[in-house]
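Please look through the structure below with an eye to how one helix and one strand sit among their neighbours. The model is a predicted one, and the paragraphs that follow take these two elements in turn.

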Amino acid sequence: MNELWSDMVQRTEPYTPGEQANGEDWIKLNTNENPYPPSPRVFKALQQALTSDLRKYPESDPEKLRYALAELHQVSADQVFIGNGSDEVLAFSFMAFFTPGKPIVFPAITYSFYPTYAALFNIAYDPIPLQEDFTLNEKAFYKSEGGVIFPNPNAPTGIVLPLETVERIVSENEGRIVIVDEAYIDFGGKTAIPLITRFDNLLVTRTMSKSRSLAGLRIGYAIGSTTAIEALNRIKNSFNSYTIDQLALTAGVAAVKDTKYFNTIVDAIIQTREQSKKVFESVGFTVLPSAANFLFVHHPEIPAKQLHKSLKDKQILVRHFSKPETEEWLRITIGSDDEMEQFFQQLFDVVNAWTDKSSVY
Ligand SMILES: Cc1ncc(COP(=O)(O)O)c(C=O)c1O
């Protein structure tokens with residue numbers, strides 16, 4: 001603490017991002033990045049964008065990308081808001097829709113940026129414990145005082161809620177915003193975007209970091225009613241007029257237009273995920289059913305922290321969360337087939353070494 005710090009800084013508990021490994025030799029399965037490169041159309045568009053126009057500010061209202069996303073999701077362009085990664089869109093949403101003094105609800109095991117934003121913006125919250133099978137307790141999300149936010153699929157569990165459940169949660173919160181964070185929806189599950197025509201209290205957030213393989217360019221967006229989008233624009237335009245740089249805007253349009261490439265890489269990841277789940281189970285892991293680009297896994301004997309360390313010693317990064325509810329689990333991002341093969345070779349060594357060691361005692 002420092003006496004010069006504002007109250008806001010004093011109460012903040014910053015989010016800890018996953019490590020970014022230095023060097024080529026690491027297998028990085030810790031931040032849910034896409035193992036495949038962005039669409040070839042992205043590289044072409046970026047090359048064409050490298051002109052002296054970079055001296056100018058980017059569009060303050062990214063129209064081209066808004067229109068491309070509107071077409072993709074069959075909504076009107078004034079129902080789309082674009083931000084610098086969905087983290088920024090989420091932060092703006094906390095400011096735009098949640099009010100200090102009116103507690104919001106989100107799952108107790110979820111994306112750890114939500115409690116961080118809540119603390120930053122002084123929003124009280126009520127974390128709703130998951131059920132024993134790690135699914136959401138639907139009714140606990142009804143009739144919130146200040147609003148609701150949850151990822152679908154949830155992170156880090158990967159478990160997806162059926163669209164009918166999402167719809168009931170939205171309709172049971174009339175007059176309060178329900179934010180459905182669909183960062184991983186392209187890997188399974190049904191999007192809630194079509195519900196927006198019927199519910200003006202629904203906001204769906206999306207990212208291009210995962211299924212579109214553009215984490216490095218930071219593009220996220222929200223889809224909602226025109227009044228919800230206006231609220232987000234009011235926040236953004238009171239904060240920073242140019243949140244997304246010119247290169248990101250250009251790349252975003254190219255990525256959205258390449259449906260064929262998008263389908264190919266998403267299908268490949270889903271296939272690798274299902275294959276990997278079987279391999280984990282064959283060596284004794286419990287694996288939650290995932291509709292995302294990661295698996296949440298637990299070994300009945302080897303402590304997750306130990307597994308995390310042993311893999312790191314072998315230059316493999318996976319994600320371990322040290323909160324008590326999740327400390328016995330690891331989140332493994334789905335890599336390419338080749339990366340997963342190398343990962344499993346090393347994992348088998350760790351598991352065998354542990355089994356040999358424990359049989360000595
Ligand atoms: C559930 C969830 N929402 C949002 C994000 C943020 O994505 P980005 O800021 O890269 O768009 C992540 C990133 O891992 C996530 O897991």
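**Helix α5 and its surroundings**

In helix α5, which spans residues 113-120, the buried residues are Phe113, Tyr114, Thr116, Tyr117 and Ala118. Among the elements that cover these buried residues are the helix α4 (85-97) and the strands β3 (104-107), β4 (125-128), β5 (148-151) and β6 (178-181). Just after α5 comes Asn122, which takes a positive phi of about 65 degrees.

The packing of α4 against α5 can be followed more closely. Two packed helices are described by the angle between their axes and the distance between the axes. Here the axes of α4 and α5 come within 10 Å and cross at roughly 40 degrees; an angle of that kind falls in the range counted as oblique, and the two helices are therefore described as oblique to each other. Their crossing is right-handed. On the α4 side the contact is made by Asp87, Glu88, Leu90, Ala91 and Phe94, and on the α5 side by Phe113, Tyr114, Tyr117 and Ala118. Sorted by class, this contact has seven nonpolar and two charged residues, with no polar ones.

The second element is strand β11, covering residues 316-320, where five of the five residues are buried, so the strand is largely enclosed by the rest of the structure. Ile316, Val318 and His320 point one way from β11, while Leu317 and Arg319 point the other way. With strand β1 (residues 27-29), β11 pairs in the parallel sense over three bridges, and Ile27 stands opposite Ile316. With strand β12 (residues 330-333), β11 runs antiparallel and is joined by two bridges; there His320 stands opposite Leu330.

Definitions and conventions: Residues are numbered from 1 along each chain as its sequence is written. This is a predicted model: local features need pLDDT of at least 70, side-chain atom pairs count only at pLDDT 80 or more; totals for chains, interfaces and linings use all residues. Side-chain values use heavy atoms; hydrogens and water are left out. Buried means under 20% relative accessible area, exposed over 50%, partly exposed in between (1.4 Å probe, protein chains only). Helices (H or I, at least four residues) and strands (E, at least two) are DSSP runs, numbered from the N terminus. Contact means heavy atoms within 4.5 Å. Axes are lines fitted to C-alpha atoms, for helices over the stretch in contact, and angles run from 0 to 180 degrees between N-to-C directions. Angles under 35 degrees count as roughly parallel, over 145 as roughly antiparallel, 65 to 115 as roughly perpendicular and the rest as oblique. A crossing is left-handed if the near helix is turned anticlockwise from the far one by less than a right angle, and right-handed if clockwise. Ala, Val, Leu, Ile, Met, Phe, Trp, Tyr, Cys and Pro count as nonpolar, Asp, Glu, Lys and Arg as charged, and the others, Gly among them, as polar. Two strands pair if DSSP finds at least two bridges between them.
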